[in-house]
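Please describe the fold of this protein for a first-year student. Cover the sheet, one helix, the aromatic residues and some unusual backbone angles.

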Amino acid sequence: MVTGGSGLVGRAIKDLVSGDINTDHFIFLSSKDANLCNYEETKHLFDTLKPSIVIHLAACVGGLFKNMNNNVLMYESNEDINRNVLRCCVEYNVKKCVSVLSTCIFPDKTTYPINEMMLHNGPPHSSNLGYATAKRNLEILSRLYRQESKCTFVTVIPTNIFGPYDNYNLENAHVIPALIHKCHLAKQKNANFVVAGSGAPLRQFIFNRDLAKLIMWVTKQYTDHEPLILSVDDKHEVSIHNVATKIADHFGYAHRLVMDTSKADGQFKKTADNTKMKSLYKKSMGKSFEFTLFDEALAESITWFVENFEIARK
Ligand SMILES: NC(=O)c1ccc[n+]([C@@H]2O[C@H](COP(=O)([O-])OP(=O)(O)OC[C@H]3O[C@@H](n4cnc5c(N)ncnc54)[C@H](OP(=O)(O)O)[C@@H]3O)[C@@H](O)[C@H]2O)c1
C-alpha cells in the first residue's frame with residue numbers, strides 16, 4: 001500500500017512497477033481514498049485493504065514559500081498523517097513500513113556533508129520549522145514503534161526531488177517545478193523570467209524515477225533502524241542560479257533571466273552524504289546505483305510539463 005500514491009514520488013513508483021507481474025499487489029492511494037489526517041478514515045482504509053507492506057509517502061509538501069507562510073499547517077497536518085499511518089501499521093500487523101523524511105529537516109547550523117547520525121543535532125532552518133519538526137517526529141516515532149511492535153519501521157531521507165507529475169504551482173511548489181512553470185509563462189508573455197533570491201544556495205536534486213527505484217530497493221532490502229539518505233553525490237550539488245539558467249536555456253530564454261535579490265534565499269546548503277546508501281546498494285545488488293544525468297532529467301521534466309500543461313498540478 002502506497003500512501004501519497006498520486007504525488008511526484010508515488011506516480012514514479014507506479015510507473016516503475018507497472019511492468020511488474022506483481023503489480024496487482026500494489027495499491028496507490030490519494031487523499032480521495034482517505035484523509036489520513038483523520039484517524040477513523042485511516043483506520044477504515046487499513047481495515048479494508050489489510051496491507052502487509054506500507055510505503056508511506058503522503059505528506060503536506062511544499063517549497064520554501066509554502067513552508068514559510070504555513071508553518072502551523074505543515075506541522076499539524078504532517079504530524080496527524082504520520083501518527084495515524086504508523087499507529088494503524090501496528091494495529092493492523094503490517095510487516096514493514098518505509099517512511100520518507102527529507103534533507104531539509106537537517107540542522108541549519110552544521111558541518112558538511114551531513115550524514116544520517118546528525119539529524120537531531122540542532123534546530124532546523126526557521127523557514128520550515130513546522131514541516132521539519134513533524135518529519136523528525138516521524139523518524140522518532142518509527143524508532144519507538146520498532147521497539148514496541150513487530151513491524152519493521154524504516155525511514156529514508158531523500159534530497160530535493162523533481163520529475164514528471166510534480167506540483168508546478170508558482171507559489172507553493174519546490175524550486176525546479178516552480179521555475180519551469182515561471183519560465184514557460186514568462187516566454188508566453190514576453191516578460192522577464194524573474195527568479196526569487198540571489199540564486200547562490202546549493203542543492204542536490206534527485207530525479208523521481210531514480211528515487212522510486214531506490215525506495216523499492218529499500219522496501220526489499222533495508223531493515224536498519226537508522227534512517228538512510230537517498231541522494232546524488234555531493235559533487236552534483238548545483239546552485240539555484242545554475243538550475244534557473246539551465247531551465248531558461250531549455251526554453252531559449254536565458255537572455256530574460258533576472259534574479260530578484262529582495263526575496264528570501266532559505267537555507268544556504270544542506271549537502272547530504274550518500275556514502276551509506278551507495279555502499280549498501282553495491283553490497284546487495286553487486287553494482288553501483290546509476291543516477292540519471294541531471295540535464296537529461298531536467299529536460300524530461302520540462303518536456304513533461306509543457307506536454308501535460310492542461311493536466312499538470314499547478
Ligand atoms: N518533493 C520533494 O522535493 C521532497 C523532498 C524530500 C522529501 N519529500 C517527501 O517525499 C514524500 C512524497 O513527496 P511528493 O513530492 O511525492 O509529494 P506530493 O507530490 O505533494 O504528493 C503528496 C501526496 O500525499 C497525498 N496527501 C497529502 N495530504 C494527504 C492527506 N491528508 N490524506 C491522504 N493523502 C494525502 C496527496 O494526495 P492528493 O494527490 O490527493 O492530494 C499526494 O498523493 C513526502 O513524504 C515528502 O515529504 C519530498
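Helices and strands are DSSP runs, numbered from the N terminus; a helix has at least four residues and a strand at least two. The model described here is predicted.

**The sheet**

Strands of a sheet pair through backbone hydrogen bonds, either parallel or antiparallel. Here five strands make an open sheet, ordered β1-β2-β3-β4-β9, and the pairing is parallel. β1 (2-3) and β9 (228-230) stand at the edges with a single partner strand each, so one side of each has no neighbour in the sheet. Strand β2 (residues 53-56) is joined to strand β3 (residues 96-100) by four bridges. In this part of the sheet, I55 is opposite V98 in β3.

**Helix α4**

Helix α4 covers residues 71-91, which makes 21 residues. From its first C-alpha to its last, α4 reaches 30 Å, close to the 30 Å expected at 1.5 Å a residue. Its buried residues include M74, I81, V85 and L86, and also polar names such as S77 and N78. Among the elements covering the buried residues of α4 are α2 (39-49), β2, β3 and α5 (129-148).

**Loops and backbone angles**

Two residues other than glycine with a positive phi are set side by side below.

| Residue | Phi | Loop | Relative accessibility |
|---|---|---|---|
| N93 | near 55 degrees | between α4 and β3 | 64%, exposed |
| Y165 | near 75 degrees | between β5 (160-162) and α6 (175-189) | 18%, buried |

Why does Y165 count as buried? Buried means under 20% relative accessible area, and Y165 has 18% relative accessibility. N93, just after α4, counts as exposed because its relative accessibility is 64% and exposed means over 50%.

The loop between β3 and α5 holds P113, and the peptide bond from Y112 to P113 is cis, with omega near -5 degrees. S102 also has its place in the loop between β3 and α5. S102 is buried, with a relative accessible area of 10%. Beyond its neighbours within four places in sequence, S102 is in contact with Y131, I157 and P158.

**Aromatic rings**

The count of aromatic pairs comes to 14. Which residues join Y165 in one aromatic cluster? They are Y168, W304, F305 and F309. The ring of F309 also has the charged end of K314 over it, 4.4 Å from the ring centre. Elsewhere, R87 lies over the face of Y39, at 4.0 Å from the ring centre.

Note on methods:
Residues are numbered from 1 along each chain as its sequence is written. This is a predicted model: local features need pLDDT of at least 70, side-chain atom pairs count only at pLDDT 80 or more; totals for chains, interfaces and linings use all residues. Side-chain values use heavy atoms; hydrogens and water are left out. Two strands pair if DSSP finds at least two bridges between them. Rings of Phe, Tyr and Trp (its six-membered ring) pair if their centres lie within 6.5 Å; planes under 30 degrees apart count as stacked, over 60 as edge-to-face and the rest as tilted. A charge sits over a ring if NZ of Lys or CZ of Arg is within 6 Å of the ring centre and within 35 degrees of the ring normal. The expected span of a helix is 1.5 Å times one less than its number of residues. Buried means under 20% relative accessible area, exposed over 50%, partly exposed in between (1.4 Å probe, protein chains only). Contact means heavy atoms within 4.5 Å.
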